[in-house]
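Good morning, colleagues. Please bring up the structure on your screens, and I shall take you through a few of its helices and side-chain contacts.

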Amino acid sequence: MELYLDLLSPPCRAVFLFAKSLRIPFEFKHVELADGQQYSEEFAKLSIVKKVPVLKDGDFVLTESTAILKFLARKCLVADHWFPADLRQQALVNEYSSWQHLNLRSHCSKVFLFKTLFPAIMGSEVSKEKMDVALEDLRQSLDLMEEKFLQDKLFLISNRISLADVLAVVEVMQPLAVALDVLEGRPKLSAWRDRVKKELGEKLFEEAHERIRDSKGLQQKMQNNSTLEKLKPKYEKLFR
């Protein structure tokens, strides 16, 4: 089985962390997002979606991190708490994975992109007004994550870790790439992050996030990347 990943991407880190922590055998295929490798003709032969992660299992190709995680959970017969067989518990995992796309994931990614790609693409820093709106959206998502999903439990779905926690933790880590700890001043969510980190394995967790912790190096790479010029029209639409 092959997994096409770039650990700069939170969804890729979720798949990587789950597979590695559960000792699911796979071949790591690196796709350098910053160089636009996902838009190459070669990669398009694998997936016309032109995004990572991608799973290839024989002649079976699957995109979307949530679909890949659920496929792995069923294929590899992992412990039930990751993706419960119980109808209601499974529905709660599905609820979180549906919610996070346009909420926590969207808002964490926007803060990250405003601090990294925006200056490289647009040639200037993002306006304070836009950044303030992005940070307020993120604050509201974190409030919902704590009040609706975590509540007084150890993890988002129950007192056992699940796929929902893996999907969530990689997103809240992403702004660290721009030296922003979004859980600062949030003791319940900070304690939850530490529990998830321990469950997945602290050494593995640090390995998965090593690249985004080099915030200065990452931003310099973005700013000096000639490939971004080719992607400028695509990202200009995003930043309007």
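In this predicted model, helices α5 and α7 run roughly antiparallel to each other, because their axes cross at roughly 150° and the threshold for that description is over 145. The two axes, of residues 104–115 and residues 128–150, come within 9 Å, and α5 passes α7 in a left-handed crossing. On the α5 side the contact includes Leu-104, Val-111 and Phe-114, and on the α7 side Leu-135, Leu-138 and Leu-142 are among the participants. By class, the contact comprises 10 nonpolar, 2 polar and 4 charged residues.

Leu-142 also leads us to the loop between α8 and α9, where Leu-183 is found. The C-alpha atoms of Leu-183 and Leu-142 are separated by 8.4 Å, with the two positions 41 residues apart along the chain. Leu-183 is buried, at a relative accessible area of 0%. Beyond its sequence neighbours within four places, Leu-183 contacts Leu-142, Val-172, Leu-189, Ser-190 and Arg-193.

Let me turn to the charged pairs. How many salt bridges does a search of the whole structure find? There are 14. In one of them, Lys-148 meets Glu-95, with the closest N and O atoms 3.1 Å apart. This pair links helix α7 to helix α4, across 53 residues of chain. Lys-148 is partly exposed at 39%, as is Glu-95 at 33%.

Within α7 itself, Arg-139 and Glu-136 lie 3 residues apart and form a salt bridge at 2.6 Å. Both belong to one network of salt bridges, joined with Asp-143, Glu-146 and Arg-186.

How values were computed:
Residues are numbered from 1 along each chain as its sequence is written. This is a predicted model: local features need pLDDT of at least 70, side-chain atom pairs count only at pLDDT 80 or more; totals for chains, interfaces and linings use all residues. Side-chain values use heavy atoms; hydrogens and water are left out. Axes are lines fitted to C-alpha atoms, for helices over the stretch in contact, and angles run from 0 to 180 degrees between N-to-C directions. Helices (H or I, at least four residues) and strands (E, at least two) are DSSP runs, numbered from the N terminus. Angles under 35 degrees count as roughly parallel, over 145 as roughly antiparallel, 65 to 115 as roughly perpendicular and the rest as oblique. A crossing is left-handed if the near helix is turned anticlockwise from the far one by less than a right angle, and right-handed if clockwise. Contact means heavy atoms within 4.5 Å. Ala, Val, Leu, Ile, Met, Phe, Trp, Tyr, Cys and Pro count as nonpolar, Asp, Glu, Lys and Arg as charged, and the others, Gly among them, as polar. Buried means under 20% relative accessible area, exposed over 50%, partly exposed in between (1.4 Å probe, protein chains only). A salt bridge is a side-chain nitrogen of Lys or Arg within 4 Å of a carboxyl oxygen of Asp or Glu.
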